[in-house]
Amino acid sequence: MSTAQGWLSALAVGLVLMAGLLAGAETALARVSRVTVEELVRENRRGAGKLAEVVADPARYVNMVLLLRIGCELVATVIVADLCISWLDETWRAYVVAAAVMIVVSYVVIGVGPRTLGIQHAGRIALAGAAVIHPITRVLGPLPRLLIALGNALTPGRGFREGPFASEAELRDLVDLAEQRSLIEPDERQMIHSVFELGDTLVREVMVPRTDIVFIERGKTLRQAMSLALRSGFSRIPVVGENEDDVVGIAYLKDVVRRSQENPGRETVETVGSVMRDATYVPDSKPIDELLREMQARQIHLAVVIDEYGGTAGLVTIEDILEEIVGEITDEYDVEIPPVTWLDDGAARVTARLPVEDLAELFDVELDAEEVETVGGLLAHALGRVPIEGSTAEVGPAEGETPVLSLKAETIAGRRNRIGTVLVRRLG
């Protein structure tokens, strides 16, 4: 072996060791928590300040670590290939040996060992890595951004501004791994995944649609508003002006009750417009994580959702957003209802979610169900409004023909107070 080959061998070993150290630092930076970093800063540990800066902007520094690690690995591979060609001549054996050596070395020295140490000693290795990465990033900071921009330009579709390396998918994998090792429960894993999905979920996906909203006109009296609130089960009711696309405010049941108690004789004269509060309007394309922060900051519970044409698309509440994280919210009054229950007088109590086809087959009749799918939707279509408890309508094969069934909204269920069951009787 010549002197030049000896220096090249030493350089290849040094580059492999450097790549291993960078791999360990990359793993440690991904594992170290902000709480740990804050404790290190309070203890005045050497390099803690630089580590705090790295953790505050992880994408910038992780991209630099990845660039340096790939560079060290590739240069070391080229050197080993050149040495193998010199020793074994330019034959296929030289390429096979070079590839085999670098695969084993990269897997063991770069892939397994340093990453294991990075997990076991995340704090200490993160401190050491930050001391090296921080000044290098200050000097070569724009280089990873330029390469990411080049990659995004050559990649079909929309790229990632900070690169795809410190991605949400890696965090999801860590959560799944934690569940597999019984560190967290399956419900907790699902909840964490739901939090990740908040930013990708739009308001239109969680809102109460317009067809399920109970409105009240601005000119209605306080007594009428109280009666509607008690019958529908809603404590907040949108107030409309000319039509349902003209939501002018929100009537709160507690405001109606308070005004009625303060002026007992005027509850049949005073209108809802005198007690309603201003409504908050949000576009249906707004991400729900942004909406949740906004609702918390403004201390509001309900917002009116507006579509792209300026019309009322629905309503969204904080509970609707929380349900995306924790699942359906029910209370102690919610019970499982059988789809169909026959009564002694020949009537049937069916759930509002029962398909219209099943209802028609149940009573052996024909029903006009071109625009609806469920019994609740059939009742709403026949009424021309959202049904509340006690609402009654008659339905038949088609509009203008003799009705064959009588539908009566019987109970309300769930947090949104939708119709739960419908009492169905055969007419004639």
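Trainee: Is V13 buried, partly exposed or exposed?
Mentor: This is a predicted model, in which local features need pLDDT of at least 70, side-chain atom pairs count only at pLDDT 80 or more, and totals for chains, interfaces and linings use all residues. Residues are numbered from 1 along each chain as its sequence is written, and side-chain values use heavy atoms, without hydrogens and water. Buried means under 20% relative accessible area, exposed over 50%, and partly exposed in between, with a 1.4 Å probe and protein chains only. V13 has 49% relative accessibility, so V13 counts as partly exposed.

Trainee: Which helix gives the most to the nonpolar patch?
Mentor: A helix is a DSSP run of H or I of at least four residues, a strand a run of E of at least two, both numbered from the N terminus. Patch residues have over 30% relative accessible area and no salt bridge, with nonpolar side chains joined within 5 Å and like charges within 9 Å; a salt bridge is a Lys or Arg side-chain nitrogen within 4 Å of an Asp or Glu carboxyl oxygen. α1 (3-31) and α5 (92-120) each supply at least two residues. The most, 5 residues, comes from α5.

Trainee: Which strands stand at the edges of the open sheet?
Mentor: Strands pair if DSSP finds at least two bridges between them. The sheet has 3 strands in the order β2-β3-β4, with mixed pairing. One side of each edge strand is left without a neighbour in the sheet, because each has a single partner strand: β2 (216-217) and β4 (247-252).

Trainee: Which residue in β9 stands opposite T341?
Mentor: Strands β8 (residues 340-342) and β9 (residues 348-351) run antiparallel, joined by 3 bridges. T341 stands opposite R349.
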